[in-house]
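Student: I am new to this structure and would be grateful for a close look at a single part of it. Please take one topic and explain it in connected form.

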Amino acid sequence: MREQHGVIVGVSVSHEHATVDQLEAAATDSQRFAVETLLSRPGVEEALALQTCNRTEGYVVAASHEVGVSALELFTQDLDDDAAVVMDHEESLRHLLRVAAGLESIVLGEDQILGQLRTAYEQARGVGGIGPVLEDGITKAIHVGERARSETRINEGVVSLASAAVRLVGSDRDLDGESALVVGAGEMGRLAAVALAERVDRVIVANRTVPHAEHLADAIDTEASAVALDALDAAVEEATVVVSATGSNDKVFEAAAFEDAGETAVVDIAQPRDVPAEAADFESVTVYDLDALESVTEETRTQRREAAEAVERLVDEEFEHLLTQYKRKRADRVISTMYESAEQVKAAELNTALSAAEFDEDQREVVESMADAIVSQLLAAPTRSLRDAAEEDDWSTIHTALELFDPDFGGDDQSSPPEFVEEMHPEDIPDGMRDEIPNAVLDELADD
């Protein structure tokens with residue numbers, strides 16, 4: 001089977017452009033489901049989905065930009081145009097690097113997004129969504145995220161949405177002596193519980209799986225207990241602060257649970273939301289949304305601005321390395337054609353030479369080794385030149401190599417494009433190469 005090399009197309013629905021309702025509308029049942037759905041679309045070779053509390057993003061490797069945009073309607077079909085940002089190949093790659101580095105987060109430089117990207121990558125790989133194109137892009141993004149946090153101070157101070165939520169509530173009311181309810185025992189719930197333990201006297205942890213809630217309750221440094229989700233109504237009555245961060249696809253609370261709760265601050269950082277919007281209708285209940293959290297993180301953003309500038313430079317540097325990496329791989333495909341052609345000539349000449357005289361086994365090995373060495377030495381310099389040409393976008397050199405080593409390229413039989421060109425969309429073919437490709441071939445590519 002021929003190795004596939006399409007173009008990356010991405011779509012981002014995030015807190016930057018979308019409301020909470022639009023974020024919820026863009027989200028699918030799960031990242032795994034989204035990848036499987038995208039892979040079922042015609043022309044999609046690879047896929048990745050990233051869904052967090054403040055973003056839903058999808059990336060595909062498709063036969064063309066148009067095919068990719070059509071497939072990504074999975075996320076955008078129920079949204080206004082201004083809620084989603086569609087990205088081409090290079091924009092998608094740069095955006096992935098920025099996301100992993102924490103530059104696109106509500107809390108600038110927050111650490112959780114890096115783990116979330118790793119999880120999305122593993123889930124996509126588990127269902128066959130990761131191929132050679134996304135593999136390079138995502139592993140580079142994770143590498144950039146790691147460098148950003150180890151080489152700069154981008155993640156100092158408030159480092160998560162959960163800790164920002166606790167700071168926001170604490171700025172509006174005195175939490176000394178109060179009780180707090182954390183719903184969800186995952187990573188975001190853990191961060192919220194740890195942050196609340198420094199501010200309140202008691203934390204109640206609610207989770208669908210009670211042993212997980214008990215484990216979290218035992219790990220935090222204050223009085224804590226665990227309850228099941230069916231005990232939420234009673235827990236709400238005890239708590240003056242509620243932070244909800246489950247991974248449920250359904251509402252965890254009924255609005256009526258807050259009717260008799262008294263003065264209660266609710267921060268819902270789940271996506272989709274755990275708390276119905278109607279809960280805010282009760283006079284004694286204050287519900288904080290993502291917009292409110294953005295305001296409390298502005299102080300952190302100011303503190304980290306200098307570090308962010310360093311991370312921006314890091315992203316620029318690594319982005320250029322990534323583009324070079326892709327270009328080298330394209331050159332390697334031409335180099336492979338060159339070596340295949342040389343191997344065919346070598347094999348034919350060896351066969352002629354070895355048939356012309358009687359050689360014993362040792363002599364045959366010497367002759368074959370000499371032929372291998374000659375091919376390797378002759379092609380070493382052209383190999384370096386082709387890789388350099390790809391990095392410099394010197395497609396005329398690559399085109400010349402194809403003419404020299406691919407007997408079908410530029411010959412009399414031009415009814416179909418050679419494999420190297422066949423995998424390219426007409427718009428992606430450089431001008432210097434386009435002039436040498438017959439119109440009939442370009443027309444066929446456009447039809448595809």
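Why does Ile374 count as partly exposed?

Tutor: The model is predicted, and the values that follow are computed from it. Ile374 counts as partly exposed because its relative accessibility is 45%, and the partly exposed class lies between the limits of 20% and 50%. This residue belongs to helix 15, which covers residues 361-391. Together with Met370 and Leu378, Ile374 makes a nonpolar surface patch of about 320 Å². As background for that patch, the chain exposes about 21200 Å², of which 44% is supplied by carbon and sulfur atoms. Of its 448 residues, 50% count as buried.

The wider setting of the chain comprises 19 helices and 10 strands. Six of the strands form an open sheet with parallel pairing, in the order 7-6-5-8-9-10. Its edges are strand 7 (223-228) and strand 10 (285-288), each of which pairs on one side only. From one strand to the next, the twist averages 20°. Within this sheet, strand 8 (residues 241-244) and strand 9 (residues 264-268) are joined in the parallel sense over 4 bridges; Ser244 has Asp268 of strand 9 as its bridge partner.

Helices also lie against these strands. Helix 9 (residues 187-197) lies across strand 5 (179-183), strand 6 (202-207) and strand 8, and runs at about 170° to strand 5. Helix 10 (residues 210-219) packs on the sheet as well, where it touches strand 6 and strand 7, and its direction makes about 175° with that of strand 7. Finally, among contacts in the chain with a separation of 6 or more, 69% are between residues 24 or more positions apart.

How values were computed. Residues numbered from 1 in each chain as written. Predicted model: local features only at pLDDT ≥ 70, side-chain atom pairs only at ≥ 80, totals over all residues. Heavy atoms only, no water. Helix = DSSP H or I, 4+ residues; strand = E, 2+ residues; numbered from the N terminus. Buried < 20%, exposed > 50% of the residue type's maximum accessible area, 1.4 Å probe, protein only. Contact = heavy atoms within 4.5 Å. Areas by Shrake-Rupley, 256 points an atom, 1.4 Å probe, with all protein chains shown as cover. Patch = residues over 30% accessible without salt bridge, like charges linked within 9 Å, V, L, I, M, F, W, Y side chains within 5 Å. Salt bridge = Lys/Arg side-chain N within 4 Å of Asp/Glu carboxyl O. Pairing = 2+ DSSP bridges. Axes fitted to C-alpha atoms, helices over the stretch in contact; angles between N-to-C directions.
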